[in-house]
Every structure is written in structure tokens, then in C-alpha cells.
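The following paragraphs lead through a protein model, taking its loops, sheets, ring pairs and internal space in turn. Please keep the structure in view while reading.

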Amino acid sequence: MRSVGIFTYSTLPRGSVVHAAALADALADAGWDVTLYALDKDRRGFYRPVRARLRLVPAAPAPATTSELVKLRAAELAAYLDDHDVAHDVHHAQDCLTANGLLAARARGVPVTLVRTVHHVERFESPHLAACQTRSIKEAALCLAVSETARRDVAATFGVDCDVVGNGVDARRFEAVDAARLAAVEARLGRGGPVVLAVGGVEPRKNTLRTLLAFAKLRARHPAARLVIMGGATVLDHGAYRAAFDDALATLPADTRRAVVELGVVPDDEVPAVYRCADVLALPSEQEGFGLAALEAMAAGVPVVASAQPPFTEFLDETCAVLVDPLSVDAVAEGLSRALADAPRLIHGGRARARRHGWDAVAARHLAPYERISVHARDALLRSLA
């Protein structure tokens, strides 16, 4: 049995963290010896139970800047690995922060065979953060990507080839929601017109500002519509974009402002109920590595409006989603209106599409790369002993 350590930068449910946990569970279900490591700043534990072994790495309160944060978290992870038994055949980082921690541990003498999954390539302005990302990809023994789009981006930016492993969803979790929990979320959100759901918080990559402006236009046709924004835990600083969003919100009519609800990070067991309370998902992202929220929404029976560009066009088409120009507020607004009008067809197509993206298939795509890198590591060790 091969041993795999999967490493993630947070205990909160951002996309790469969700991927890390689901992959760990799927590999454990397939009989692999898997340990999930998560940096734990809040000491509240991981956002959901996992079937794989779980180790929470103590992390100090966040410093003032993102660069300082990345340095601190990498050092904390390296120290933890140096002090504990972390013997694995594969050390699999889901982000550049934990990858740099693993590289720092290797510099301390900890035997690390680094695999790095790239969810998307960040465009960092900070030279330190850019260097961390470059190091995490170029110094990995193997790179994986969640989409063909991410694979091409890594190749163009860093000259590194990746295997594409994809992304997944537990469709059953979103199809069957406890009635009492659903009623509780409905009561929290209130009842009224159609609910537009945006996932990922307020940040440029998610195009939340244009989503807000498109929602304001949608209310001309659906005056009781509401916008619900879920999620938003990130180590990156989006303060300027947040300020622009708040300024735009302040210019809208009072009834529209009251119709915008930010949930922040919600408990994992409430997430399917939030989706089920939505009438349409707004996901006109400017940049994504995959777009996991689209799979979750389709599994929950929610029509999807997404950007008419990769990576969405790799797994979505007009049979299961409405694809729009993400840079046009009018196009996003029209897409939301079309999705609401065509909901039964989109729900049928979306559920069928989501069922084709199970986590067991994603885990299976990791097996050959894992075996390949384990053989390389073993051969390297033998050469060093010769």
C-alpha cells in the first residue's frame, strides 16, 4: 500500500481545500494510506469530518501582509514536519504555500517527494509571492492540474508539463438535503423572489463586482430577486476590490442593497442547503482553474450561468448551462434571466453532467502519476546509496 500525505493551507472550504479533502477521502476509500494535513489558525478543527487520517498543523495568528503570512505558514509547516513522523511515498501539496513548507522541510533533511496540484496560476504583484509560486511548481517532482486550461497556463508560464486530474463532486450530497436543514436555511435567507447565488466571496477573480451590477439589472425583470454571496476565506488581500464593490453597492437603490446578503463561510453541512435554496448560480469568473461551484450547483439542481471561456467550456455547454461574456454586465444579466426562464431544461442537463464527475474518477487519475513518481524517488535513493 502506498502512503500519501496531502497538504492544504487552511481548514476552511476554499476550492483547493475542498479538493484536498475529497481526494484524500476517495484515495482512502480506494485502499491507500492517506493523511490529510491542514494548517489550523483558528483551532476550530477542519471544516468537515474526513475518512482519511487528519493532522492539523498549529498556525499562529496572521501577520500584516500576505508575503509575511506565506513565509510564516511555510516555516510552521516545515517545523511541524521536522518534529513529527511524516514518512510518505508522496507529499502532495494543493497550493504554493504548503509546497514551500514542504520544500523548506526538505532543506531541513526531511525526505520529501513533492507533488504539486495547480488549481490556477496566480498573477502576483509581490516578487516574493511570485517566487514562491514559481518555486512550488519548478521544484516539484511532479505537477498536476485540475483542467486543460490550468495545464496550458503552467506550461506557458513556467515551462512545466502537468498531468490533468480534473475535479469532482459528490452528487448524492447535493441531491439529497435534510428537510429540516433546508427549512432552516430558507428561514435564514427569507422567502421572496428568485435567489441568485455567487460563490467565492468578493474578489476580482470571481468577478463579483460585475455580478452585483448584473443582479441590479436583473431586478428590473424580477423586482424581488435576491443576491446571496457565499464563501470568501482566502490568504490573499482583496481590499481594493472589496472597497470598489462596497462603493458600487452604496450607489444602488436601498431596496437593492437590502437584497444583497453576504453569508461568508458557512458550515459544511449547510452548503448543500444553500445551493438548494438558490434559483440560479452566477459564476461569470474572469479566471478559474476549474470552477468547482458549477459542479456543485448542477448536482443540487441549480441552473448555472458561467463564463463562455475555458475552463468552463471544457466541461459545460448550452445543454447544461448558460455561457456568457464575463466582461459584459448586460450579458451576465441577460444570462441570469435566460437561466431562470429555462430552468427545467438546465436542471435536467446539469444533474446528468454533474454525475459524470465523481471523485472516484478523479482519484483514479492520480494513481499512475503517484506510482510513476514513487518509482523515480526509489531509483534516486538507490543511486544515492550506490
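In this predicted model, Arg 43 is located in the loop that lies between strand 2 and strand 3. Although Arg 43 is not a glycine, its phi is positive, at about 60°. Most residues other than glycine have a negative phi, and most peptide bonds are trans. A second residue of this kind is Asn 207, a non-glycine residue whose positive phi is near 65°. Asn 207 belongs to the loop between strand 8 and helix 8. The peptide bond between Pro 310 and Pro 311 is cis, with omega at about 5°. Pro 311 falls in the loop that separates strand 12 from helix 13 (312-315).

The two strands that flank Arg 43 lead into a sheet. This sheet is open, has seven strands in the order 3-2-1-4-5-6-7, and is paired in parallel. Its edges are formed by strand 3 (53-58) and strand 7 (163-164); each has a single partner strand, so one side of each is left without a neighbour in the sheet. Strand 2 and strand 3 run parallel and are joined by six bridges. Within this pairing, Ala 38 has Leu 56 of strand 3 as its bridge partner. Helix 1 lies across strand 1 (3-8), strand 2 and strand 4 (90-93), and its direction is at about 165° to strand 1.

A further sheet contains the strands met in the other two loops. It is an open sheet of six strands, ordered 10-9-8-11-12-13, again with parallel pairing. Strand 10 (260-264) and strand 13 (322-324) occupy the edges, and each has a single partner strand, so one side of each lacks a neighbour in the sheet. On average, neighbouring strands here are turned by 25° against each other, direction ignored. Strand 9 (residues 226-230) runs parallel to strand 10, and four bridges join the two. Met 230 is placed opposite Gly 264 of strand 10.

Two helices that pack on this sheet may be followed next. Helix 8 touches strand 8, strand 9, strand 10 and strand 11, and its direction makes about 160° with that of strand 9. Helix 14 (residues 329-341) also packs on the sheet, with contacts to strand 8, strand 11, strand 12 (304-307) and strand 13; the angle between its direction and that of strand 13 is about 175°.

Where is empty space enclosed within the structure? Rolling a probe the size of a water molecule over the atoms shows where empty space is left. A search of the whole structure finds one cavity of 30 Å³ or more, and the largest cavity has a volume of about 60 Å³. Strand 8 (195-199), helix 8 (208-218) and strand 11 (280-283) each contribute at least two residues to its lining. The lining residues include Ala 198, Val 199, Lys 206, Thr 208, Ile 229 and Leu 283. By class, five residues of the lining are nonpolar, five are polar and one is charged.

The aromatic residues complete the picture. A pair of aromatic rings is described by the distance of the centres and the angle of the planes. The structure has six aromatic pairs. In one of them, the ring centres of Trp 32 and Tyr 370 are 5.6 Å apart and the planes stand at 50°, so the pair is tilted. This pair links distant parts of the chain, 338 residues apart: Trp 32 is in the loop between helix 1 (15-29) and strand 2 (33-40), whereas Tyr 370 is in helix 16 (residues 359-385).

Conventions:
Residues numbered from 1 in each chain as written. Predicted model: local features only at pLDDT ≥ 70, side-chain atom pairs only at ≥ 80, totals over all residues. Heavy atoms only, no water. 1 Å grid on protein atoms, 1.4 Å probe; cavity = no way out; pocket = protein on both sides within 12 Å on 5 of 7 lines; lining within 4 Å. Points joined across faces, edges and corners; volume = space filled by probe spheres on them. Nonpolar A, V, L, I, M, F, W, Y, C, P; charged D, E, K, R; others polar. Pairing = 2+ DSSP bridges. Axes fitted to C-alpha atoms, helices over the stretch in contact; angles between N-to-C directions. Contact = heavy atoms within 4.5 Å. Phe/Tyr/Trp six-rings, centres within 6.5 Å; stacked < 30°, edge-to-face > 60°.
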